[in-house]
Protein chains: 4
Amino acid sequence: MTEEKPLRADARRNRAKVLEAAEAVFAAKGTGAPTEEVAREAGVGIGTVFRHFPTKEALLEAVLYARLDRFVDEADTVVAQNAADAGAAFFTFLTSWIEMSSAKNAYFEALTTAGVNVLGPGSEIRDRLRASLGVLLKRAQDSGAVRADLTIAELIPVIIGTAKAAEHVGSDGALRDRTVAILFDGLRG
Amino acid sequence: MTEEKPLRADARRNRAKVLEAAEAVFAAKGTGAPTEEVAREAGVGIGTVFRHFPTKEALLEAVLYARLDRFVDEADTVVAQNAADAGAAFFTFLTSWIEMSSAKNAYFEALTTAGVNVLGPGSEIRDRLRASLGVLLKRAQDSGAVRADLTIAELIPVIIGTAKAAEHVGSDGALRDRTVAILFDGLRG
Amino acid sequence: MTEEKPLRADARRNRAKVLEAAEAVFAAKGTGAPTEEVAREAGVGIGTVFRHFPTKEALLEAVLYARLDRFVDEADTVVAQNAADAGAAFFTFLTSWIEMSSAKNAYFEALTTAGVNVLGPGSEIRDRLRASLGVLLKRAQDSGAVRADLTIAELIPVIIGTAKAAEHVGSDGALRDRTVAILFDGLRG
Amino acid sequence: MTEEKPLRADARRNRAKVLEAAEAVFAAKGTGAPTEEVAREAGVGIGTVFRHFPTKEALLEAVLYARLDRFVDEADTVVAQNAADAGAAFFTFLTSWIEMSSAKNAYFEALTTAGVNVLGPGSEIRDRLRASLGVLLKRAQDSGAVRADLTIAELIPVIIGTAKAAEHVGSDGALRDRTVAILFDGLRG
DNA sequence: AATGAATGAGGCTTCATTCAT
DNA sequence: GATGAATGAAGCCTCATTCAT
């Protein structure tokens with residue numbers, strides 16, 4: 001339901017172009033931006049967008065999925081590095097995600113409204129997310145850097161909320177850092 | 001943009017009905033709900049809606065403004081009560097914001113996308129909010145319940161982010177309470 | 001489900017214009033003709049068409065309904081006249097209907113394909129149709145002009161088929177008359 | 001437009017597969033069914049369909065032509081058999097047309113709307129049809145089973161109209177038979 | 001002032017047709 | 001010759017906004 005048959009090289013290239021364009025366009029103008037604009041940005045015809053993603057909702061879902069996928073990959077990388085300082089690894093990862101996220105957080109919203117739930121029970125990405133994040137969290141808790149009673153179920157909304165707070169601050173970098181720091185203080189051991 | 005000429009009694013009544021209906025409809029179906037539905041819910045013709053709020057954006061703004069207005073009133077009440085336990089007063093108030101907030105988030109989103117910033121610099125409501133919140137914060141800090149280095153500039157995004165986190169949790173009340181508690185822990189003295 | 005609240009005068013006028021235009025356009029270019037063309041022909045905006053008939057299917061259905069309505073009215077008129085020669089009344093009515101129909105018979109087709117069945121069991125128009133046609137048929141049978149074993153259930157498809165035959169002949173009037181006469185011969189007593 | 005250059009064996013096979021698939025798909029879902037579905041049903045790429053039939057209209061025409069071709073072959077067979085009972089031969093053949101006709105009607109409709117007239121003057125299939133049918137008719141008239149004044153020019157629309165009537169009856173077999181019988185009565189001597 | 005019918009730009013989606021592989 | 005990805009015109013429908021009643 002996620003990967004079908006191997007696509008021709010050009011088709012895969014176009015699919016990627018569309019996904020990238022969609023991410024940019026929806027981030028900039030909200031998920032209500034017209035599909036046609038995604039097509040223009042991707043440099044393909046609108047028919048191509050719909051060939052790859054048969055509805056706008058499917059496109060939104062794919063964009064969100066791709067974002068989460070990168071998120072999980074990043075988490076996996078950090079996990080693999082097995083940093084000496086587990087607490088630092090944990091907070092550095094969170095921070096990088098939040099920085100990447102600000103200004104781009106409408107996806108959950110749009111999809112929730114549309115009745116889609118990429119993170120719903122049973123979704124593969126959810127399981128991977130929980131696994132990767134779980135390792136980071138566990139290590140950080142074992143090192144004493146993070147409070148022992150924090151669970152993944154709470155961590156995910158905390159991240160989303162913190163990203164939102166950062167986004168709301170806007171361009172004032174120092175203020176944003178302080179705001180994030182305050183919220184992270186709630187996580188410390 | 002905030003104070004107008006005195007309306008006829010029936011007109012004022014209609015304006016209120018529309019505002020109330022809009023709040024209900026947009027909360028239930030999102031800000032993308034058709035204006036016509038607001039009119040139906042309010043029991044007036046669509047022309048009347050547009051007479052009072054010349055664009056949909058104006059209507060959205062008015063709804064958000066009304067909500068914030070009530071919120072600030074509430075804050076003022078709390079301030080006036082001069083509660084013995086300043087920390088409790090502070091957190092109770094914050095919690096009430098969070099609780100009635102999920103819907104508000106959608107308005108911020110919609111208006112931000114449209115380029116409107118209701119809480120931006122210079123808005124009267126922002127000033128009032130800052131004033132009331134400032135008093136509550138100051139008292140809570142003086143009582144030692146809240147960290148001394150927290151400023152209003154940080155507090156507002158913190159509240160917004162926490163509200164977002166709560167909204168993301170959805171219907172699981174216990175999980176939501178824990179999530180909010182964690183984030184609030186970052187504020188404590 | 002057929003008539004709602006009394007429409008404003010201008011609205012009723014527009015509704016009629018649209019219906020008339022739709023009948024003309026669909027007759028000329030088939031039921032696949034774009035709704036926009038109906039709007040242009042009616043001299044209204046496309047929004048007006050959709051205000052009165054919320055889907056294209058509804059428009060098709062309304063056109064068909066209107067046609068059947070006129071058909072039944074006409075039958076009622078003939079019934080009321082109580083012509084001395086019942087056989088002549090019967091065949092004259094059938095002929096006039098067929099002449100009116102040729103070139104315009106795609107409606108049943110289109111609606112059947114679309115899953116609509118205006119003549120399905122329980123439809124009011126069907127009952128009226130059967131009643132009016134039934135009287136004409138009965139009298140013609142009593143007068144001996146029409147075979148006694150003919151039922152309404154057979155008569156309706158016979159009319160439709162005969163209209164189709166007439167339509168297929170095209171512009172050669174004499175040939176059309178002979179063709180219709182031959183088919184009618186099957187009905188005689 | 002009827003005879004082409006000799007195709008490679010595999011190409012001819014593909015052409016036949018497409019034609020067969022088209023007949024099945026259009027019969028099942030109407031002539032508006034997407035060409036891509038025909039390709040899928042035929043097990044070929046869509047490019048192949050368009051290589052053999054450069055437009056959808058050409059495909060529709062070919063399908064109808066193939067059907068008529070088989071029909072005429074059948075007529076020729078009946079003619080060759082020189083049946084003892086010429087009347088029975090005539091009506092049996094007509095009935096077989098009616099029975100396999102509901103689908104054909106849709107083709108006529110679609111092509112007529114598009115301005116194509118497969119049975120129009122000058123078409124080879126029309127000439128062959130007239131010839132075969134003419135023999136059957138003549139024999140039936142000579143045997144006294146069919147009225148002497150019936151001409152081919154009238155017979156063809158009569159058949160088409162009767163097929164339409166049968167189609168309109170739908171699935172009630174007994175009613176359909178009675179309806180057809182009534183219309184055929186007009187042809188008898 | 002209120003009403004609601006009319007408007008039409010704009011969004012999503014389909015599908016016949018073309019063309020690079 | 002076959003394939004199927006790409007294309008974009010065109011259709012249906014929605015909805016913010018205007019305006020005659």
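Which helix of chain D does Gln141(D) lie in?

## Basis of the model

This is a predicted model, in which local features need pLDDT of at least 70, side-chain atom pairs count only at pLDDT 80 or more, and totals for chains, interfaces and linings use all residues. Residues are numbered from 1 along each chain as its sequence is written, chains are lettered from A and ligands numbered from 1 in the order in which they are written, and side-chain values use heavy atoms, with hydrogens and water left out.

## Two residues in their helices

Gln141(D) lies in helix H7 (residues 124-142) of chain D. Helices are DSSP runs of H or I with at least four residues, numbered from the N terminus. Gln141(D) counts as buried because its relative accessibility is 17%. Buried means under 20% relative accessible area, exposed means over 50%, and partly exposed lies in between (1.4 Å probe, protein chains only). Neighbours within four places in sequence aside, Gln141(D) is in contact with Val146(D), Arg147(D), Ala148(D), Asp149(D) and Leu150(D). Contact means heavy atoms within 4.5 Å.

Glu61(A) sits in helix H4 (residues 56-81) of chain A. With 34% relative accessibility, Glu61(A) counts as partly exposed. Its C-alpha atom is 37 Å from that of Ser143(A), a residue 82 places away along the chain.

## DNA strand F

There are 32 residues around DNA strand F. Asn14(A), Gly45(A), Thr48(A), Arg51(A) and Thr48(D) come nearest. A residue is near a strand if one of its heavy atoms lies within 4 Å of it. Of the strand F atoms within 4 Å of the protein, 67% belong to sugar or phosphate and the rest to bases. By class, this surface has 11 nonpolar, 14 polar and seven charged residues. Nonpolar covers Ala, Val, Leu, Ile, Met, Phe, Trp, Tyr, Cys and Pro; charged covers Asp, Glu, Lys and Arg; the others, Gly among them, are polar.

Phosphate oxygens of strand F have polar partners on several chains. A polar side-chain atom of Thr48(A) is 2.5 Å from one. A polar backbone atom of Lys56(B) is 2.8 Å from one. For a backbone N or O atom of Gly45(D), the distance is 3.1 Å. The elements giving two or more residues to this surface are helix H1 (9-29) and helix H3 (46-52) of chain A, helix H3 (46-52) of chain B, and helix H1 (9-29) and helix H3 (46-52) of chain D.

## DNA strand E

DNA strand E has 33 residues around it, and Thr48(B), Asn14(C), Gly45(C), Thr48(C) and Arg51(C) come nearest. Sugar or phosphate accounts for 69% of the strand E atoms within 4 Å of the protein; bases make up the rest. The surface has 12 nonpolar, 14 polar and seven charged residues.

A side-chain N or O atom of Asn14(B) lies 2.8 Å from a phosphate oxygen of strand E. For a side-chain N or O atom of His52(C), the distance to a phosphate oxygen is 3.0 Å. A base nitrogen of strand E is 3.1 Å from a backbone N or O atom of Gly47(B).

## Chains C and D

Chain D superposes on chain C by a rotation of 179° with 0.4 Å of shift along its axis (RMSD 0.7 Å). That is the relation of a two-fold axis. The fit is by least squares on C-alpha atoms of residues with pLDDT of at least 70 in both copies.

The contact takes 26 residues from chain D and 26 residues from chain C. Lys164(D), His168(D) and Ile182(D) lose the most area on the chain D side, together 26% of what that side buries. Of the interface residues of chain D, 88% are also interface residues in chain C, so the copies meet through the same surface. The area buried between the two is about 2,300 Å², and carbon and sulfur atoms give 67% of that. Buried area is the accessible area (1.4 Å probe) that two parts lose on being put together, summed over both.

How values were computed: A polar contact is a pair of N or O atoms within 3.5 Å; within protein, one must be able to donate a hydrogen and the other to accept it, and residues adjacent in sequence count only if both atoms are side-chain atoms.
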